[in-house]
Amino acid sequence: MDTKQNVVIAVDGSKCCLSALQQYSEELMESNHHVVAVLVGERTDVAFNAIGPLDKSLVKALIEAEEQKISEKISRVKTCMDECKIKGEIVRAFGEPGPAILDKAKELKASFIVTGSRGLGKLRKTLLGSVSSYLLHHAHIPIVVCKMPS
């Protein structure tokens, strides 16, 4: 008897994450998997622009614009999951992407995590950070890193 396994897939709506979803569906997906695609909410521009008193209408507009971007990302991920016949759901998490993904995986008792990798060079990865590198070094469960096809 197959028992359900939760699989966390880190998503951000990019081509890289859509490629990881597709690779998961082609190479790893099993009938007992329940996918939880985790989209980590981004910092809104409000946090970076708060130097003095803020106009409430400006704050509202910035938050609405950020929510619109996130809705578009969720829509792209949902479309890809539907096209790839991936059973599961999309959930949002908040905070720094690496720790937020690991917290969600732990909460869900995930069997493994799938993430994409843009293939940044060493310098760019050092300066910008890399969610896939963070996951590889801090995860309590297996990580599958899907590189973008050339």
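**Exercise 1: the faces of a strand.** Work out which residues of β4 are buried on one side and which are buried on the other.

*Solution.* On one side the buried residues are Phe112, Val114 and Gly116, while on the other side they are Ile113, Thr115 and Ser117, and both faces of β4 are thus covered. The word buried stands here for a relative accessible area under 20%, whereas exposed is over 50% and partly exposed lies in between (1.4 Å probe, protein chains only). Counted along the strand, six of the six residues of β4 are buried. The listing by sides follows a general pattern, for in a regular strand the side chains alternate between the two faces of the sheet.

Before going on, note that this is a predicted model, in which local features need pLDDT of at least 70 and side-chain atom pairs count only at pLDDT 80 or more, although totals for chains, interfaces and linings use all residues. Residues are numbered from 1 along each chain as its sequence is written, and side-chain values use heavy atoms, with hydrogens and water left out.

**Exercise 2: the order of the sheet.** Establish in which order the five strands form the open sheet, and then follow the pairing from strand to strand.

*Solution.* Begin with the elements themselves: helices (H or I, at least four residues) and strands (E, at least two) are DSSP runs, numbered from the N terminus. The order of the strands is β3-β2-β1-β4-β5, and their pairing is parallel. The edges are β3 (88–94) and β5 (143–147), each of which pairs on one side only. From one strand to the next, the twist averages 25 degrees.

Next take the pairs one by one, remembering that two strands pair if DSSP finds at least two bridges between them. Strand β2 (residues 33–41) is joined to β3 in the parallel sense over seven bridges, and Val36 stands opposite Glu89 in β3. The parallel pairing of β1 and β4 has three bridges, with Phe112 in β4 as the bridge partner of Val7. Between β4 and β5 there are five bridges, again in the parallel sense, and Ser117 has Lys147 in β5 as its bridge partner.

**Exercise 3: two helices side by side.** Describe how helix α1 and helix α3 pack, and name the residues that meet.

*Solution.* Two packed helices are described by the angle between their axes and the distance between the axes. Axes are lines fitted to C-alpha atoms, for helices over the stretch in contact, and angles run from 0 to 180 degrees between N-to-C directions. For α1 (residues 15–27) and α3 (residues 56–83) the angle is about 20 degrees and the axes are 10 Å apart. The two helices are therefore roughly parallel to each other, since angles under 35 degrees count as roughly parallel, over 145 as roughly antiparallel, 65 to 115 as roughly perpendicular and the rest as oblique.

The last step concerns contact, which means heavy atoms within 4.5 Å. From α1, Cys17, Leu18 and Leu21 meet Arg76, Val77, Cys80 and Met81 of α3. By class, this contact has six nonpolar, no polar and one charged residues (Ala, Val, Leu, Ile, Met, Phe, Trp, Tyr, Cys and Pro count as nonpolar, Asp, Glu, Lys and Arg as charged, and the others, Gly among them, as polar).

**Exercise 4: helix α4 and its neighbours.** Find which strands helix α4 lies across, and then how the axes of α4 and helix α6 cross.

*Solution.* Helix α4 (residues 97–108) lies across β1, β2, β3 and β4, and runs at about 150 degrees to β2. Within α4 is Lys104, a residue that is buried, with a relative accessible area of 16%. Not counting residues up to four places away in sequence, Lys104 touches Val38 and Val91.

Turn now to α6 (residues 131–138), whose axis comes within 9 Å of that of α4 and crosses at roughly 50 degrees, so α4 and α6 are oblique to each other. Pro97, Gly98, Pro99, Ile101 and Leu102 in α4 meet Val131, Tyr134, Leu135 and His138 in α6. This contact of α4 with α6 has seven nonpolar, two polar and no charged residues.

**Exercise 5: two positive phi values.** Decide where Lys85 and Lys109 lie, and whether each is buried or exposed.

*Solution.* Most residues other than glycine have a negative phi. Lys85, however, has a positive phi near 60 degrees; it lies in the loop between α3 and β3 and is exposed, with a relative accessible area of 65%. Lys109 has a positive phi near 55 degrees; its place is the loop between α4 and β4, where it is exposed, with a relative accessible area of 69%.
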